[in-house]
Amino acid sequence: MNVITDYPDLWLDALRGTVVLFFAGGLIAIVLGVIVGAMRVSPIPVARAIGTVYVNTIRNTPLTLIFFFFAFGIPLLVDFRVDFLVLAIWALGIYTATYVAETIRSGINTVPVGQAEAARALGLTFGQVMSTVVLPQASRSVIPPMMSVFIALLKNTTVATGFSVVNLGNIRADMSENGENQLVVLLWVMVVFVALVLLLAWLQRILENKWRVAR
């Protein structure tokens with residue numbers, strides 16, 4: 001416990017960085033993922049094509065390369081200095097959005113086609129069909145896979161360590177400079193991540209119980 005009690009500020013800063021990366025990146029991923037997921041099932045060919053290219057391109061690109069682009073490419077494209085934390089958040093959000101989009105798309109496919117057709121027959125637009133008929137039903141079936149996506153996002157925050165963003169992934173280096181046992185530090189980092197993942201699993205059970213589909 002000494003590695004924690006002797007350096008509370010370091011642990012709090014690292015935990016705060018991980019939480020910020022997770023929540024901010026997750027928010028971007030949800031918003032962008034829902035939009036792209038809807039585009040993937042859109043009746044408009046251009047929208048489907050754009051969604052498909054986005055998902056297949058970003059999802060099949062290693063996250064580290066996306067971080068490299070944001071860390072070294074974006075600063076060359078803009079005339080002002082951008083904080084690495086902001087760049088890391090966008091990198092995580094844009095990458096994770098592809099998995100959110102595919103999860104949303106799989107959930108949409110579980111909704112009977114007849115319901116969407118009936119809604120369109122009543123005169124609802126595609127956006128109205130998605131927001132009022134399809135997505136509310138699809139959200140029930142995507143909770144487990146969506147939570148898996150966010151658990152992966154939580155662990156992916158450690159990639160930001162290589163780009164000078166403070167989080168739990170780089171606390172080992174800070175502790176090493178103070179002469180602490182690196183193995184012990186890594187074990188405590190593992191404990192913290194396990195606790196955070198268990199918290200997400202607990203949230204998943206709550207949502208599943210609340211939105212359980214009657215069978």
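The following exercises, each with a worked solution, concern a predicted model of one protein chain.

**Exercise 1. Overall architecture**

Task: Determine how many helices and strands the chain has, and describe its overall dimensions and burial.

Solution.
Step 1. The secondary structure of the chain comprises 10 helices and 0 strands. Read from the N terminus, the elements run α-α-α-α-α-α-α-α-α-α.
Step 2. Along the principal axes, the C-alpha atoms fill a box of roughly 70 × 50 × 25 Å.
Step 3. The chain has 215 residues, and 38% of them are buried.
Step 4. Consider the contacts between residues at least 6 apart in sequence: 78% of these join residues at least 24 apart.

**Exercise 2. The geometry of helix H5**

Task: Compare the expected span of helix H5 with the distance between its end C-alpha atoms, and locate its bend.

Solution.
Step 1. Helix H5 covers residues 84–108, which is 25 residues.
Step 2. The expected span is 1.5 Å times one less than the number of residues. For H5 this rule gives 36 Å.
Step 3. The end C-alpha atoms of H5 are 35 Å apart, which agrees with the expected value.
Step 4. H5 bends by about 25 degrees at Ala97.
Step 5. At the N-terminal end, Asp83 acts as a cap of H5: one of its side-chain oxygens lies 2.7 Å from the backbone nitrogen of Leu85.

**Exercise 3. The surroundings of helix H5**

Task: Explain why H5 is described as largely enclosed, and examine Thr98 as one of its residues.

Solution.
Step 1. Of the 25 residues of H5, 18 are buried, so the helix is largely enclosed by the rest of the structure.
Step 2. Thr98 lies in H5. A residue counts as buried under 20% relative accessible area; Thr98 has 0% and therefore counts as buried.
Step 3. The side chain of Thr98 reaches the backbone oxygen of Tyr95 at 2.7 Å.
Step 4. Not counting residues up to four places away in sequence, Thr98 touches Tyr54, Val55, Ile58 and Arg59.
Step 5. Leu32, in helix H2 (residues 8–40), is in contact with Ala97 and Ile94, as well as with Tyr54, when neighbours within four places in sequence are left aside. Its relative accessibility is 26%, so Leu32 counts as partly exposed.
Step 6. Leu32 and Thr96 are 64 residues apart along the chain, and their C-alpha atoms are separated by 9.3 Å.

**Exercise 4. Helix H4 and its partners**

Task: Check the span of helix H4, then state which of its residues are buried and which helices they pack against.

Solution.
Step 1. H4 has 15 residues (63–77) and should span 21 Å; its end C-alpha atoms are 20 Å apart, which agrees.
Step 2. A bend of about 30 degrees occurs in H4 at Phe70.
Step 3. The buried residues of H4 are Leu63, Ile66, Phe67, Phe70, Ala71, Gly73 and Ile74.
Step 4. These buried residues pack against helix H3 (45–59), H5 and H8.

**Exercise 5. The nonpolar core**

Task: Identify the residues with the most contacts inside the largest nonpolar core, and the helix that contributes the largest share.

Solution.
Step 1. The largest nonpolar core has 59 residues, and Trp11 and Phe67 have the most contacts inside it.
Step 2. H5 supplies the largest share of this core, with 12 residues.
Step 3. Apart from neighbours within four places in sequence, Trp11 is in contact with several residues, including Val3, Ile4, Leu168, Trp188 and Val192.

**Exercise 6. An unusual backbone angle**

Task: State what is notable about the phi angle of Ser164, and decide whether this residue is buried or exposed.

Solution.
Step 1. Most residues other than glycine have a negative phi.
Step 2. Ser164 has a positive phi of about 65 degrees although it is not a glycine.
Step 3. Ser164 is found in the loop between helix H8 (143–156) and helix H9 (171–177).
Step 4. The cut-off for an exposed residue is over 50%; Ser164 has a relative accessible area of 63% and is therefore exposed.

**Exercise 7. Annotated regions and the model**

Task: Give the helix content of residues 20–39 and 149–171, two of the spans that UniProt annotates as "transmembrane region".

Solution.
Step 1. The annotation comes from an unreviewed UniProt entry and covers residues 20–39, 60–78, 84–101, 149–171 and 183–203.
Step 2. Residues 20–39 are 100% helix and 0% strand, with end C-alpha atoms 28 Å apart.
Step 3. Residues 149–171 are 39% helix and 0% strand, and their end C-alpha atoms lie 24 Å apart.

How values were computed: Residues numbered from 1 in each chain as written. Predicted model: local features only at pLDDT ≥ 70, side-chain atom pairs only at ≥ 80, totals over all residues. Heavy atoms only, no water. Helix = DSSP H or I, 4+ residues; strand = E, 2+ residues; numbered from the N terminus. Bend = angle between axes of the 7 residues up to and from the residue. Buried < 20%, exposed > 50% of the residue type's maximum accessible area, 1.4 Å probe, protein only. Polar contact = N/O pair within 3.5 Å; in protein donor to acceptor, adjacent residues only side chain to side chain. Core = buried A, V, L, I, M, F, W, Y, C linked by side-chain atoms within 4.5 Å. Contact = heavy atoms within 4.5 Å. UniProt positions renumbered as here; feature names shortened; annotations may be inferred.
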